[in-house]
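Please examine the sequence and the structure shown below. The explanation that follows concerns aromatic rings and their surroundings.

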Amino acid sequence: MKQERIKQVLTLLKKEYGNREWQPDDDPISVLVQTILSQNTSDRNSHRAFASIKSSFKVWARTANASITQIADTIRLGGLAEVKARYIKNTLQEIKRRRGELNLEFLKQLSVDAARDWLRQLPGVGMKTASCVLLFSLGMPALPVDTHVSRVARRLGLLDSKISIDRAHQLLEGIISPKNVYTFHVLLIEHGRKICKAQQPQCPGCVLREICPSYRELSRLGTTSSH
């Protein structure tokens, strides 16, 4: 049932937004730092903070050896600078301690669950951050569940409203074909930003409305937005 709905969702969203095929984003360490910087801030601010830390330290080994204050000064634009600087420094040092080098390419040799568990032992790295590293850098079928993915999946009836975010990762990965994980993630985010918004979802113009149980419920209550 849910697999069939996912197939319909992907077909409709691809038709609406175009297909999305995986392309290597950056090396795993860079994606890890980028994802830490993206927490609780806008994409624009996190991108600026990442560009700043890269230009300031050039290589991640220098970042690992810098003080928290020095790192914080370079990422001030991203918000929560001291907290994120501590996570970045401690995480880089922990990778170096455990692996002898700042390199995460070895994760490709592990299963998704084993690789994600390894990353989650690092300071400040949760389920979503670990999944982002595996998916965007290494092309592994780990599904990051952010607020957009969670919201759209719940409204489509793919997730129970009471399921935790951590559990949501595993449940969605269990019903989505590994080859479709990247496309599903990217298209749900795009749809969540443009149409299936947290406030005033644009249901009448939604390409998924005919297969969406939330649309039927909202229509019954007369609360769908037409703006």
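In this predicted model, W60 has a relative accessibility of 11% and therefore counts as buried, because buried means under 20% relative accessible area. The same reasoning applies to F50: its relative accessibility is 10%, so F50 counts as buried.

How many aromatic pairs does the model contain? The count comes to 3 aromatic pairs. One of them is formed by F50 and W60, whose ring centres lie 6.0 Å from each other, with an angle of 40° between the planes. This arrangement is classed as tilted, because planes under 30 degrees apart count as stacked, those over 60 as edge-to-face and the rest as tilted. The F50 and W60 pair links distant parts of the chain, with the two positions 10 residues apart: F50 belongs to helix α3 (residues 43–57), and W60 belongs to helix α4 (residues 60–65).

A further pair is made by F136 and Y182, with ring centres 6.1 Å apart. Their planes meet at 80°, so this pair is edge-to-face. F136 is part of helix α8 (residues 127–137), whereas Y182 is part of helix α11 (residues 181–194); the pair therefore ties together parts that are 46 residues apart in sequence. Are F136 and Y182 buried or exposed? Both residues are buried.

Aromatic rings also occur beside charged side chains. The charged end of R98 is placed over the ring of W118, at 4.2 Å from the ring centre. R99 lies over the face of F106, and here the distance to the ring centre is 3.6 Å.

Definitions and conventions: Residues numbered from 1 in each chain as written. Predicted model: local features only at pLDDT ≥ 70, side-chain atom pairs only at ≥ 80, totals over all residues. Heavy atoms only, no water. Phe/Tyr/Trp six-rings, centres within 6.5 Å; stacked < 30°, edge-to-face > 60°. Helix = DSSP H or I, 4+ residues; strand = E, 2+ residues; numbered from the N terminus. Buried < 20%, exposed > 50% of the residue type's maximum accessible area, 1.4 Å probe, protein only. Lys NZ or Arg CZ within 6 Å of the ring centre and 35° of its normal.
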